[in-house]
Amino acid sequence: MNFFHVIKHLYIRKEIRRMFLSPLWNVKHVVVQMGLPVERCTHSLAEIIDSLLWLSPHPDSISLLIYSEVIIKFQFVYKEPADSVGEADSCCCSVPIKCWRHSLTEVKIDNLPCVEGARRLKALFEESQTLERIEGLL
Ligand SMILES: [Zn+2]
């Protein structure tokens, strides 16, 4: 299943994320038509990706497009999450769908622009307890 939509505001506040289940939990390829280049968005690329990974917690890919052209593509590999998510994993211990932080092992990024947000993006992916490899990060 693919998700394709034009979204004006790509950032979803954490309070909202705590109140609702991820609405696109079974979407495998997230394709977002951006209205602005990433550098001109109000929120950082890391915040945008964090929000998209809440909307769709285990996508195989996220593609950001401008005028139908892929500007940045993220590809993800996961392992089976542990059966039980500990109490310490408060990020999603009370919801039935566990977040990517418990199973993401690999991230491949194509066309990452030389944004100063690369460090924040790396920090975001390093929130994964199972991360083994990031490819394409400057
Ligand atoms: Zn979690």
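Okay, so if you read along the sequence, the protein chain goes β-α-β-α-β-β-β-α-β. That's three helices and six strands. Keep in mind that what you're looking at is a predicted model.

A couple of overall numbers before we zoom in. The chain has 138 residues, and 26% of them are buried. If you take the contacts with a separation of 6 or more, 74% are between residues 24 or more positions apart.

Now, the element I'd like to spend time on is helix 2, residues 45–55. Is helix 2 mostly covered or mostly open? It's mostly covered, with eight of the eleven residues of helix 2 buried. Those are Leu-45, Ile-48, Ile-49, Asp-50, Leu-52, Leu-53, Trp-54 and Leu-55. And what's doing the covering? The list includes helix 1, strand 2, strand 3, strand 4 and helix 3.

Let's take helix 3 from that list, residues 118–125. The axes of helix 2 and helix 3 are 8 Å apart, at an angle of about 30°. That's under the 35 degrees cut-off, so we can call the two helices roughly parallel. On the helix 2 side, the contact uses Leu-45, Ala-46, Ile-49 and Asp-50, and helix 3 brings Arg-120, Leu-121 and Leu-124. Sort those residues by type and you get five nonpolar, two charged and no polar.

Next, the core. In general, nonpolar side chains in soluble globular proteins tend to be buried together. Here, the largest nonpolar core has 24 residues, and Ile-49, Leu-52, Phe-74 and Val-107 have the most contacts inside it. At least two residues each come from strand 2, helix 2, strand 3, strand 4, strand 5 and helix 3. Which of these gives the largest share? Helix 2 does, with seven residues.

Have a look at Ile-49 in particular. Leaving out neighbours within four places in sequence, Ile-49 is in contact with Ile-62, Phe-74, Leu-121 and Leu-124. Two of those names come up again in the strands: Ile-62 stands opposite Phe-74 of strand 4.

That takes us to the strand pairing. Strand 3 and strand 4 pair antiparallel, over six bridges. Their hairpin has two residues between the strands, and Tyr-67 there takes a positive phi near 50°. Strand 4 also runs antiparallel to strand 5, again joined by six bridges. One pair to find on that side is Tyr-78 with its bridge partner in strand 5, Leu-104.

That's my tour, thanks everyone.

Notes:
Residues are numbered from 1 along each chain as its sequence is written. This is a predicted model: local features need pLDDT of at least 70, side-chain atom pairs count only at pLDDT 80 or more; totals for chains, interfaces and linings use all residues. Axes are lines fitted to C-alpha atoms, for helices over the stretch in contact, and angles run from 0 to 180 degrees between N-to-C directions. Helices (H or I, at least four residues) and strands (E, at least two) are DSSP runs, numbered from the N terminus. Angles under 35 degrees count as roughly parallel, over 145 as roughly antiparallel, 65 to 115 as roughly perpendicular and the rest as oblique. Two residues are in contact if their C-beta atoms, placed from the backbone, lie within 7 Å. Ala, Val, Leu, Ile, Met, Phe, Trp, Tyr, Cys and Pro count as nonpolar, Asp, Glu, Lys and Arg as charged, and the others, Gly among them, as polar. A nonpolar core is a set of buried Ala, Val, Leu, Ile, Met, Phe, Trp, Tyr and Cys residues joined through C-beta atoms within 7 Å. A residue is buried if 20 or more other C-beta atoms lie within 10 Å of its own, exposed if 12 or fewer, and partly exposed in between; C-beta atoms are placed from the backbone. Two strands pair if DSSP finds at least two bridges between them.
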